[in-house]
Structures are given as C-alpha cells and as structure tokens.
Amino acid sequence: MAAPGVAADGGHWFSALALGVTFLKCLLIPTYHSTDFEVHRNWLAITHSLPISQWYYESTSEWTLDYPPFFAWFEYVLSHVAKYFDEEMLNVSNLNYFNSRTLLFQRFSVIFTDALFVYAVHECCKCINGKRASKELTEKPKFILSVLLLWNFGLLIVDHIHFQYNGFLFGLMLLSIARLFQKRHMEGAFLFATLLHFKHIYLYVAPAYGVYLLRSYCFISSKPDGSVQWNSFSFVRVFSLGLIVFLVSALSLGPFLALNQLPQLFSRLFPFKRGLCHAYWAPNFWAVYNALDKVLSIIGLELNLLNPNKIPKASMTSGLVQQFQHTVLPSVTPLATLICTLIAMLPSIFCLWFKPQGPRGFLRCLILCALSSFMFGWHVHEKAILLAVLPMSLLSVEKAGDASIFLILTTTGHYSLFPLLFTAPELPIKILLMVLFTIYSVYSLKTLFRKEKALLNWTETLYLLGLVPLEVCCEFLFPFTSWKLRYPFIPLLMTSGYCAVGITYAWFRLYCSVLIGPFIGKTKKH
Amino acid sequence: MEKWYWMTVVVLMGLTVRWAVSLNSYSGAGKPPMFGDYEAQRHWQEVTYNLPIRQWYFNSSDNNLQYWGLDYPPLTAYHSFLCAYVAKFINPEWIALHASRGYESPEHKLFMRTTVLIADLLVYIPAVVLYCCCLKEISIKKKIANALCILLYPGLILIDYGHFQYNSVSLGFALWGVLGVSCDWDLLGSLAFCLAINYKQMELYHSLPFFCFLLGKCFKKGLKGKGCVLLMKLVCTVVASFTLCWLPFFTEWEQTLQVLRRLFPVDRGLFEDKVANIWCSFSIFLKIKDILPRHIQIIISFCFTFLSVLPACIKLILQPSPKGFKFTLVSCALSFFLFSFQVHEKSILLVSLPVCLVLNEIPFMATWFLLVSTFSMLPLLLKDELLMPSVVTVMAFFVACTTFFPVFGKTSEEELKLKSFCISVRRYLPRFTFLPKLIRYLFLTSVITMLLLTLMTVSLDPPQKLPDLFSVLVCFISCMNFLFFLLYFNIIIMWDSKHGRSQKKIN
C-alpha cells in the first residue's frame, strides 16, 4: 500500500504494490484455513487419481467436486505440480490429509495464480480516464485503483486465509471487463465464457454480458436518441460471438456430454438441496427475512401463540449446511428466489438496453446484477459480495457519487466477511487489515474528490462508525456473557442484520443513479 | 491531516506484518528440557509473581537460577511481574510455581504474543513515528516512507515476534532517548535512556555516545555557567531514575551485588553460540576461548573495544551535533558488538536501531547494513523455524527501501558522505576516484555471498566432520561485512565536520 515517496517513473510503483501484497500473502501462509482447504485438496486427489468419467461421481469425501469442468482441469494441472511436493495429498481416501508441504503447495498455488489477477488489475488501470490526474502519484486514480484492487481486504482474507481460488477467477473477470473497455469485445466474451466454466457463480452477472454484447456490439450503431437502430444488426458479429461461446462450452462440457454425464454434472453444480441461507447468513434480504421469522417465533413463544412442540429444532447457525424451516413466515422455495432475483435484475437490464452508456453503463449493470442476486439468490455465500465490490472499485475512482456508494458497499460487505475468520489468532489480522483498507479507501477517495461535496453524509458516516461498537459487542463482549450458550447465533444475526442494511442501501442508491442518471449516448462522442 | 492519515496506514502495515510473523513458531517450541527464550520470559513471570522481590535474583529451592534465572535489570522484572498479573487473571495455570514449567498452549502463545505487541505499540512504534516526524529538511512523504522502512526492519520483527523477546521495549526507550537528546529535551532524553539501560543492560552499548554527547553539550555551553547547571540536572536525573528503578534492591548491599552479578555473568565466556564478532570469527583459526585465561580475555576485549570507540567519542565531545551523535551511536554499538566480552547474536539489533535512524541520510549503506544484520542472525532464525517469514520480510524490506529511496541510483561520493574523505586522500593519491565503484562491487559481492550462503544452509547438509560449517561461515562473512562498516562509519564521523567547515567557508 503505501508508496508515498515513490519516484513517479513508469510502472515501478505498480510492481512495488504487487510485490508488497504478494509478500503479505506469503506471511499469511501459517494462518487458519477453513474446510475449503480440504475441499480443494480432495479435488486435487479426485482429478489426479481418477479417470474423467469418475470426477463428478466420486463421493468418498463429503466435499464432492461441484465446480464446472474447467476448474476440474485446473485442479488436474495443479495436481501434476503437487506430486513433486507430496504424493500422499493426491490420494482420494486420505481424508483430511494435512502436513506442512501440502500447506505450502496449496497456499503457493493461490499466490502464484494470483499473477493473473495482478495482470488484470494492470490492464484495468489503463481503462481509467485520467482526467483527474494529479501530479502527486498517490492521488492519481490509477494508483488508487490498483491499491483498492490489489490490496482488497475481502480477497486477501477469503483467498489467503480462509482459502479459495478467487484471485485468478476475478482476474479473468476484470480482464474481460478491461477488454470490453478496450473495445476488444470478442476477447472479452471469450474470457467471460471461460470464466463461467471455471466457476458458475459468475452466471449471476451473465445477463449483463449478454445484453451488453448484443446491444452495443451486435448493433453497430444507435439512433441519435440512443434507441436501437434495427437495421444496423450485424449477423457476422452475432455468429462469431455465438461460435466463441459454443466452442468454449463444447470444450468444457463436451467430454461429459460424450460420457452422458451432463445430468449428474448439473446436479452437482446446482445443489438446491442446500438451504436458503449458507451456514453463516449472508447479509441479504433473506437474512432479514429469517431474522424476522426468528424474532416472531420468539415473541410467539413468549406470548403462547405458538405451540413449542411444533417448532422445528433447527439452529440455523450451527455451522452445518442444512434445511431451515420457517416457523411463522412462509417458507421460501428456490423458484421463488429465482423469480425475485430476476425481477430485481430486470430494471438494470432494461437500462442497459434502452439507455446504452458504453462500457461504464455495462459495468453498472454488471454490479447491479451481482448485487441483486446477492440480495435474493438461493444459498448465497457472504463471499459473493466480492462479485460486486471488485468491479465497483473501477467505478469508484471516476465519479464522486460512485465513490460514496463504493465506500458503503465495501465497508459493510467486508465487515460481513468477519465471521469467516472466527479463530483468536486471526482476530488481530482481520481487524488490522480491515482498518487499513478502510482508512486507505476513505481517505484516498476523499483526496481524489476533495473538490466535490463530502462523500459520506452524517447518517452514512454514523452507520459505518456503528460497525465498531458492533464488532466490540460481537467479538469482545458477547463471548463473556451468559447468553453465549443460550443464544449462540446472536452475533451472526446482528452482523448480517446490520450489514444487510448497508448493502441494501448501496444497492438502492446504485439503482437510483442508473435509473435517474442522464442519458449519455454514443452521439455525444461523435 | 494528510500526514497523519498516511502515518496511520504505515503503522497499521507495521502492525499487520508484526502480527503475521507472530503466528509462526517461537524459540524452543516443544523442546524440553530447556526450551528457549519464550519459556525464559514465561518463567520470569512465574518467578516474579510467586516469589517476594528479595528472592528474584537469588538461587533457592523455588528459584533455580540454572533454569532461565532472571539475568536482566529490574525493569524487565517489573514488566514480567505486570504481565504475570494479567496472566493470573486469564489463566492461573500459566504462572503456577513449579507446575507451569515448560507450559505451552495456543492460548498462552496468543497471550505472550499480545504482550509483545502491546509493549511495542506503547514504546517503540510511537518513538519511530515521532522520530520520523521530527526529521528535518525532508518532505512529508519522505518522512512517512522513512517510518515505513524503519517499522519494516526485519531483524527486530523476527526476534521479537518470531524468536520471542521484548527488544522493542529497550530499543524503544533508547529511541525516545535519542529523540529527547537531539531535540534538546536533555532531561527527558536521559530519563528515557536510563529506563532503556534498566530494561536491558545491553543498552550500555549506547551509553558512551549519550554520555559524550551530553558532556559535549555541557562543554559547549561553558562549564562555568549554563553548562554546569545542565550537568548537575543531568546527574540528578540519572541518579534519581536509577535509584527509583533499583529501590527494592538497594535495601541490602548483598541484593545489589547479586543483581549486578546476574547482569554481568563474567564466567559465561568471551562469546556465546555463534556470533558474528571478531572473537568468534577469530576462533576459527585460534581457540582463544580455551587458550587464554579468562581475565586476560576480559582485558583484551576491553582494550580493543576502548580503542575502537575512542576516536568517535572524542570527536563527539569536541563537536556535539545531533547528526554526529547518531553516527557515533552506530559506530560505538558496532565496536561493542565486534570486540566486547560476552556478546549475543541478537545484540546486533542494538547497532541496527541507530542505523535505521540514518536510513534517510545514507540509504544505500544503511539498507546494506540492515540486510547484513538480519543475515547474521540466520542460524538462530533457522533454529526457530523462521525461514519463511525471514525470507519474506527481508525481501519486503528490501523492496520498500529500493522503492522509497534511490538506493542504487545514487552511489556517488557525495551520496555516500565520503566526499571530504576522498578529497583528503586525493592530496596524496590523485587517482583515488574509484571508491564509489569499489563500494558498489563490494555490495554486489556481499549480497551474492549472502544469497548463496542462505541457499546452501537451507538446502545442503553440512559435512559430518564440520556440523557447524554453515553457521560459522555465516558469522564469518557477516563479521567481515561489519568490520568494513565499522571502518566506513568511523571515516564518516572523522571527516564529517571538515566537510561542514569547508561548506561554511564557501557560504
């Protein structure tokens, strides 16, 4: 982070930033890692020691392969490096296998694949308009953006402490966004199609990609008022886009189609048997819904309106993924969440179609899709907030209004990741890194937009400052109270409830800025 | 405003790195019967909490001095006592007399690491921040960069948060002392330095420059007028602070004597383990430790140390200046490290601290020295299984230094502060213009040797006949480097004001 005295020559500062964060990642190697570590070790073993026909059937471990084929291939490639570290970790029946060499290999595999992320950030920095370019290096939008992305708190703790491979996947996404900014649409489409076959969670933002490419690439020109000029439709472009997507999908799913395993594969990819909410509640609409249900049921019990024997004894936050039955409010089905998500996404898609604003409009739509699915999706992980936070960083350095939304979204979103790390030795790390990132983002954006009005009004500031007492209550005071045993879910409930407010607010404000925002057609550029 | 926001960011970075390193292993983890410094610190908590103050330094059935007996001055003991109170509150098992010996648990490790972090946060880090803010003649950004580099110095982080010690307390107090004395708050400065000495007796390495600088100040003000008053005030401050620290041990003569015997264990020998000083390196060729009787060893080491600190100290008395003071601190501490009696490898931190302070003046040499100083502790760090954090923090420190300071771009005579020296040599040797180039080559050779040696130590097994081959080599190479640095710093000190005077003449 800090490169205040950097000589402003070329990209020297960028490599210093990237190296700095890489060293920090290396220091985080001995920290706590979650069950995802074992998940990925198991996938290494599956892809290494079993034939391809077994990959999506193997179920020795409870952590079955549930990512699309490209990710399986990725693990397959990794496993061929892993065998030089420790052959034993590649054994399917070695459940919960762990030693220091396995740890080193897995951690370093994340750190090395992050190179793609670093490259993508480098490309994204080129797409930022440098209107605000100040003489001071640390006040340049490019510098701020690269810190916000490279040193992103959420990515650091999810990938390098909790353990996952989001870095290079987000790298692919940012790279495809950068390519769209650079008008290299085919490349962008190819990268995104590939990304989808690495991790299908990115399907959430696929509508934005589809509509944008159709509207702004397949239609070569628009009318002066921004509406579609139907006769400028280019069949060549549609065909080539389709071909790219088809080829990528064929490469990925083809082998499994040949083996007639597609239904099995899809049942693994979309496990609707899992509950409405993840083990920890992501701070979204359903968290508020569940909380309301819980509160109502407690009130009902107190007032003897409900029969205690009829209430299902499922503690939602006991840590295991399980079904949760609502006691008072109607239960939610996957279909209902799907419909809610689609309805929430729809206005932004419409905007993208009827008010095309170039790649920036696309980026807004992408973030809104990500946020809408985060708000209403089925079994949403709290980590999914990164899907909105990272692209939002790109917008934040260009407009003061976006910067203010970014600050609220990022701070609450990042705070909602805190329950991921619940072990005592990691407590200082997560607090220090979070404070570091938040202070940096607040002050650097404030400096960048110092000529505009204040980024955060007093209610927003108060809300964000409220996270401090919340953290003190949840992690420093609550464990010492007698409620710890009776109501162990209260800290998580408070965290997701409080964060849900901020995220909903950010989502709402972003929507307003898209819907109300003025039309800036392509005509202006001509 | 902007300054403070960057300073906060820098301090948070320093803290994050510190805590990340502290997740690693500590000295003597799971190695009975003696364990390591971690157990020593825990044992001191046990002893100070459970025994009356008069028994702390005495051998008894409850206090076996052979097993990590207290051998630091009273302030360390008080600190342990304080920590023990907190430990007792959290879990009495941690400090139970006898029963807690060799106690290890993740919770206890967390507790111990936290005590280090708190001490660091209270003493060392504020001193560094304040010191960098008080630096003159450089931009705000440079000050912040300087603070970051000092806070990222790997040696101190690895020893305090990896190996486990509380060096940041004594070094922090010493830094407060430097800060006070250079800003003309002489009494506060000397008070802080007295606290440093009373925390770790090794701080005596720094005492001569402090003494000479303050004495020089008094002389400058005139010993008959204001100087005398200042001197009296200083004497009173020092005596008062020492008395306060030692009060419980001044009740009986025997107490005082016993504490002193514990602080200066003359019978432990010329050096311990593998140290990168002259005596250890010299004993590769000749085992002086066994050949010479102990009192002769003491006399020899005393003479060497005395001779090597003499020029810089005299110079400082005659021409006291904050800048000269910092350089004299480096040279004196280095002389003590190289020549004095009973030196530990960790004592190199006492030299590193003043070198950190001159980082912005001679970035090239300072970075080089700080790299060598960390390298010289390699055998210790390897023993504690701290290879990974060591490599990472050293690289991070190096990247930080090269990013913020033009380390390689500017290695001219001027930048190396060797201009006046070169001019005076050229009077006799007109062709003496190759020094900067020579120094650049030396730097390259030194770095490559360190890299190779590190690689060899990590990857190769030493031959059976010479199990200590690599650690001895590490010490020898570091010692050669340190000798070169001693020479360099002495040259800077001795030629410093001539340059200043000639500048004045020009003005």
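This is a short tour of a predicted model, stop by stop, with something to select at each one.

Some ground rules before you click. Residues count from 1 along each chain as its sequence is written, while chains are lettered from A and ligands numbered from 1 in the order in which they are written. Because the model is predicted, local features need pLDDT of at least 70, side-chain atom pairs count only at pLDDT 80 or more, and totals for chains, interfaces and linings use all residues; side-chain values use heavy atoms, with hydrogens and water left out.

**Stop 1: the annotated spans**

Start with chain A and select 12-32, 141-158, 201-222, 234-259, 335-355, 361-378, 429-449 and 461-483. UniProt, in an unreviewed entry, lists these under "transmembrane region". Its positions are in the numbering used here, feature names are shortened, and annotations may be inferred rather than shown by experiment.

Now keep just 234-259 of chain A: the span is 92% helix and 0% strand, with its end C-alpha atoms 36 Å apart. Swap to 461-483 of chain A and you get 74% helix, again 0% strand, and 30 Å between the end C-alpha atoms. Helices here are DSSP runs of H or I with at least four residues, strands are runs of E with at least two, and both are numbered from the N terminus.

**Stop 2: where chain A meets chain B**

Show both chains and select the residues in contact (heavy atoms within 4.5 Å). You should pick up 36 residues from chain A and 32 residues from chain B. Together they bury about 2900 Å², of which carbon and sulfur atoms give 83%. That area is the accessible area, using a 1.4 Å probe, that two parts lose on being put together, summed over both.

What salt bridge can you find here? B:K141 pairs with A:E136, the closest N and O atoms being 3.6 Å apart. The criterion is a side-chain nitrogen of Lys or Arg within 4 Å of a carboxyl oxygen of Asp or Glu, and between chain A and chain B the count is one.

Colour chain A by element next: α1 (12-27) and α17 (426-448) each supply at least two residues of the side that touches chain B. The largest share, eleven residues, comes from α17(A). By class, that side of chain A has 28 nonpolar, five polar and three charged residues. Nonpolar covers Ala, Val, Leu, Ile, Met, Phe, Trp, Tyr, Cys and Pro; charged covers Asp, Glu, Lys and Arg; the others, Gly among them, are polar.

**Stop 3: between the domains of chain A**

Hide chain B and colour domain 1 (17-269) and domain 2 (285-331 + 379-516) of chain A; the bounds come from an automatic or database domain assignment. Their C-alpha centres lie 26 Å apart. At the boundary, 37 residues of domain 1 are in contact with 35 residues of domain 2, and about 3300 Å² is buried, 78% of it on carbon and sulfur atoms.

Two salt bridges are counted between these domains. One of them joins A:D36 and A:K383, with 3.7 Å between the closest N and O atoms. On the domain 1 side, α4 (100-127), α5 (141-150), α6 (153-163) and α7 (166-181) of chain A each give two or more residues, and α6(A) gives the largest share, eight residues.

**Last stop: along α4**

Zoom in on A:E123 and A:K126, whose side chains meet in a salt bridge (3.1 Å, N to O). Both sit in helix α4 of chain A, three residues apart, about one turn of the helix. Over all chains, the count comes to 23 salt bridges.
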